[in-house]
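Reader: I have a structure on my screen and would like to talk it through with you. Shall we go through it together?

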Amino acid sequence: MNRPLLQVRRLTKHFSVNAGWFQPSRHVHAVDDISFSIRAGDSFALVGESGGGKTTTARLLAKLEKPDDGSILFDGQEVAELSGPVLKRYRRDVQMIFQDPFESLNPRRTVRAILRQPFLNHDAADKREIDKTIVRLLNQVGMEPGEVFMDRYPHQLSGGQRQRIGIARALTLKPRLVIADEPVSSLDISIRAQILNLMKDLQAQHNLSYLFITHDLGVVRSVCDGVAVMYLGEIVEIAAVESLFTTPLHPYTQALLSATPVADPVKARQRRRIILKGEVPSALDPPTGCRFHTRCPYSEKRCVEEKPVLRGFRPDHTVACHFAGAVGVDTTANSFI
Ligand SMILES: Nc1ncnc2c1ncn2[C@@H]1O[C@H](COP(=O)(O)OP(=O)(O)O)[C@@H](O)[C@H]1O
Ligand SMILES: [Mg+2]
């Protein structure tokens, strides 16, 4: 089997926050001991409500934050140890698409200037060729003819067009892994499917791998191969997408799935909505045992006292719940871990 492109091992990030004078500083458990991997050409999703640690994971991968513990291997190399030209190569190979294209695009720069920047930063193309490459990219992201959009400013574009520019910018340097943090959450429902389809087409054309971050499980099924569900900094379930959708095992995953809209009205009526009690607890002081126990409809004494470990259920399906999964199914068989 070929080596995964990205391997995240026991990654941990806590932020210290000062509680006040003479108070010991406290720690936000943003990311706690998570492991997952992405094969070349695959799309992998991180899902969960806000505060789960998804963006922190993305920032750790982009080297915008330093992990406290654990490792990130890209193409077999330890990312923390990269320096010089190899680090520069990593920064080209791993690109980000952000949730709000309006905030991530400089309002005072034209599309041409925005898309030129990565080439200039990385000395990556013959200067005379850059504009031609940009026009080609614009056409590829559906902004045709590209020439027309070159001298526009972000405010002269629609939300969907701005996100297309964000995608084009991520692709300028031929990355291998694109991290998309809530790429369609700020867009109108009618535009979301267009952008997701575009991302799927580009994946095939450019041989990309995606780390797709979203709070909306609905978008995962059409785009991703594997998925990890995060709750308060931890992965509670990790599986092949089809397996997760047909047999969600963790009560948190079941609740998230029951909240996604269903097109078929008959199925929609048959389905039981699971409404979770209360808010996501603070990551400053996460609950003991299973972190989900304060909101879980099935919680028992054991869940308060003992942290469940990830257990296998099927080869590509692993869950951390005392009442799900099976003893004896090999968790190491899960190719997403
Ligand atoms: N720089 C930071 N300092 C302190 N706490 C942070 C910082 N960044 C994120 N957090 C906290 O870490 C937790 C996870 O946040 P985040 O990774 O943004 O989750 P998500 O993207 O899933 O919504 C939250 O409780 C958040 O408040
Ligand atoms: Mg986030």
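**A helix and a ligand shell**

Author: Happy to! Just after α8, Asn207 takes a positive phi of about 55 degrees. Please keep in mind that this is a predicted model.

Reader: What span should the 18 residues of helix α8 have?

Author: Helix α8 covers residues 189–206. Each residue counts for 1.5 Å, and the end C-alpha atoms are 26 Å apart, which agrees with the expected span of 26 Å.

Reader: Are the buried residues of α8 on the same side or on opposite sides?

Author: The buried residues are Ile195, Leu196, Leu198, Met199, Leu202 and Gln203. They cover an arc of only 160 degrees around the axis, so they sit on the same side of α8.

Reader: Which residues are exposed on the other side of α8?

Author: Exposed here means over 50% relative accessible area. On the side of α8 away from the buried residues, those exposed are Ser190, Ala204 and Gln205.

Reader: Which residue has a polar side-chain atom 2.8 Å from an oxygen atom of ligand 1?

Author: Two glycines come in through their backbones: a polar backbone atom of Gly51 is 2.6 Å from a ligand 1 oxygen, and a backbone N or O atom of Gly52 lies 3.1 Å from one. The side-chain contact at 2.8 Å belongs to Thr55.

Reader: Which element gives the most to the shell around ligand 1?

Author: The elements giving two or more residues to that shell are β2 (26–38) and α1 (54–61). With three residues, the one that gives the most is α1.

Methods. Residues are numbered from 1 along each chain as its sequence is written. Chains are lettered from A and ligands numbered from 1 in the order in which they are written. This is a predicted model: local features need pLDDT of at least 70, side-chain atom pairs count only at pLDDT 80 or more; totals for chains, interfaces and linings use all residues. Side-chain values use heavy atoms; hydrogens and water are left out. Helices (H or I, at least four residues) and strands (E, at least two) are DSSP runs, numbered from the N terminus. The expected span of a helix is 1.5 Å times one less than its number of residues. Buried means under 20% relative accessible area, exposed over 50%, partly exposed in between (1.4 Å probe, protein chains only). The arc is that of the directions from the helix axis to the C-beta atoms. A polar contact is a pair of N or O atoms within 3.5 Å; within protein, one must be able to donate a hydrogen and the other to accept it, and residues adjacent in sequence count only if both atoms are side-chain atoms.
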